[in-house]
Amino acid sequence: MHKYVIKRLLMLIPVILGITFILYSIMTLTPGDPVRMILGDGATDEAVEQMREELGLNKGFFEGYVDYLKDAAHGDFGKSYRTREPVFNEVFARFPNTLKLASSAIAISIILGVLVGIIQAVHQYSILDNIISGITLICTSIPDFWFGLILIIIFCVNLKLLPASGSDHWYNYVLPAITASMGYTAGTIRLTRSSMLEVIRSDYIRTARAKGTDERTITYRHALKNALLPVVTLIGINLGWQLGGTIIVEQIFAIPGIGTLMIGAVRSKDIPLLMASVTFVAVLSSLINLGTDILYAYIDPRIKAEYSK
Amino acid sequence: MEEKLLEIKDLCVEYKTDEETVYAVNNLSLSINKGETLGLVGETGAGKTTTALSIMKLLPQKIGFIKKGTIYMNGQDIILKSEEEMRKIRGKDISMIFQDPMTSLNPVFTVGEQVAEVIKLHSEGKSKEEIEKRVDELFLMVGLPAERKTEYPHQFSGGMKQRIVIAMALACEPQLLLADEPTTALDVTIQAQVLKMMKDLKDKLNTAMILITHDLGVVAQTCDKVAIMYAGEIIEHGTAEDIFEGNFHHPYTVGLFGSIPDLTTKSKRLHPIEGLMPDPSDLPHGCRFNPRCPKCMDICTKAEPREYISDGHAVKCHLFSDDSSEKKEG
């Protein structure tokens, strides 16, 4: 198991190298000059040249990339072109907001998703099952931005219950979390339902019934643990997505998170800031994937045996 | 020994789906005494498993229905019991061993936990240590080292898994054991081991057993009584001697024996029974076997035969109806 974890952690190195290289290529090879963007159209050629020197943009393509990696290896990821601050100051200032939004959205999707999914599976083909299936279909089809705006109209404009923007208090996150979680919750419900239905039909559930086990124990003990595997995968993927920042939700509710930070960096061609934030998110996603895979081993002993090979 | 344990009368089971109704078991009657072994033999789809599931009342929900009949276990009709009462019977008075040991154990719990669960369910007031002790005993009884109870199903071979399933089924010393093709999924050497073990344990605990199989060799080795099933009915039943050595048989039984390859005579081909089992949603009129019967008569397509009994050996066939009393006495 330890060996497996170490192996997976070492695999992060090529991932990071790949991501930084692709980002660096895109940012340097596409048209648009960050220096001109910063100084504006009226800047003199000398000023531009001087700034270019300062930011290290006068180097060749490969030289620039290698230098970036060298500095990064020493913990220096560069300074933002705009704020002139070390880039990770900015990233770490923004990240808690994204983390709060992501964790509450995912928590909603886990609790509601798994619970409703189980209820649906147990009452397959009932009226309740059909109604919930209809609702989840609608929820997966509704776009975030529309749903967010509708929530704002109802709860902020008409009922005046919750604020439409901000990130200082817990109640600022209620509407964004609901908006962000809607699609994930619907997905989790659908997957839990189908996964449970598959497991409930299996032979070992019949064995459990033949032992005289009651339905509740069968559902929540015998079936759920087996049905959770694909659901855990989905939740892991969702969490990865969420932590990468939901640009739309952050924009609608004016939450200063990672998503808006990245968009800003792309617009102003702030190369060090963008590379730092994207790499950070990528590493985080990889770690969540690893966490999901480790969690598998605790759910299914067969996978644990596979890992220790 | 002659005390009746289970008596099924006129059992009819149907599977209903949107498209069709499948008549899986039709007017089936059988009985079994305490400690006895009954072999239920028939082709795939004859309704053997359905009969067993009806006794457990574990027919697939919302699809399988007991339409008619009574199932008396120790003088009480199981069909009238509530789900809660049935839960107390399952695993304690009646246990079932399923066909495929590879899939009958839950992959995410240790085998020890799974065996302990039955004991926990049916013996209130037993302490953890007592339960664990009983699990160890059971493992020993089925010939597995008790230390292996902390392992998971995937760490065992098929034969070992079936031993665990048997340990689970016998944990509460049931009065009746339903064994649904317990050896079909195992290879032949393991089959013999498992069968011998089941027979020994059954004798030791004085458990009655219904052994469902399509393997006549297995029946010859283990059963006191035999019932042959075809298209949801029992078409012949009697003691093992009646079936294997008796001199009057249902043509289907004759066909079954005829299809066993004989090692002493040279033969290039196998001798199967011609044709296929009838579609259970559209059973033939009269005798269900008539389309495949080599001795089919006019009356067979018109009227359903009744049972002709001689000395406990019953055959449901028109061949033995009127003037054929000599045949019966044989």
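Into which domains is chain A divided? There are two entries to note: domain 1 covers 2-73, and domain 2 covers 88-267. Before going on, a reminder: this is a predicted model.

Stay with chain A. The centres of domain 1 of chain A and domain 2 of chain A sit 36 Å apart, taken over C-alpha atoms. Secondary structure is quick to report. Chain A has 15 helices and zero strands. Along the principal axes, its C-alpha atoms fill a box of roughly 85 × 60 × 30 Å.

Now burial. Chain A has 309 residues, and 33% of them are buried. Next, contacts in chain A with a separation of 6 or more. Of these, 74% join residues 24 or more positions apart.

Over to chain B. Its domain 1 runs over 98-173, and its domain 2 over 247-329. Here the two centres, again over C-alpha atoms, are separated by 42 Å.

Next, where the chains meet. How many residues does each chain bring to the contact? Chain B gives 24 residues, and chain A gives 20. On the chain B side, four elements of chain B give two or more residues: helix 2 (83-89), strand 6 (94-97), helix 3 (101-104) and helix 4 (111-122). Helix 4 of chain B supplies the largest share, four residues. What about the chemistry of the side of chain B that touches chain A? Eleven of its residues are nonpolar, seven are polar and six are charged.

Now the cores. In soluble globular proteins, nonpolar side chains tend to be buried together. In this model, the largest nonpolar core holds 81 residues. Which of them touch the most other members? Val115(B), Ala167(B), Leu178(B), Ala179(B), Ile210(B) and Ile228(B) do. By element, helix 6 of chain B, residues 158-170, gives the most to this core, with eight residues.

Zoom in on Ala179(B). Leave out residues up to four places away in sequence. What does Ala179(B) touch then? Ile97(B) is on the list, and so are Met198(B) and Met209(B). The run Ile210(B), Leu211(B) and Ile212(B) completes it. Ile210(B), then, is a contact of Ala179(B), and both are in the group touching the most other members of the core.

Apart from that core lies another, of 45 residues. Among its members are Leu175(A), Ala180(A), Tyr184(A) and Ile271(A). Check those against the domain bounds. Leu175(A), Ala180(A) and Tyr184(A) fall in domain 2 of chain A, which is 88-267.

That is the tour.

Technical notes: Residues numbered from 1 in each chain as written. Chains lettered and ligands numbered in written order. Predicted model: local features only at pLDDT ≥ 70, side-chain atom pairs only at ≥ 80, totals over all residues. Buried ≥ 20, exposed ≤ 12 C-beta atoms within 10 Å, placed from the backbone. Contact = placed C-beta atoms within 7 Å. Nonpolar A, V, L, I, M, F, W, Y, C, P; charged D, E, K, R; others polar. Domains from an automatic or database assignment. Core = buried A, V, L, I, M, F, W, Y, C linked by C-beta atoms within 7 Å.
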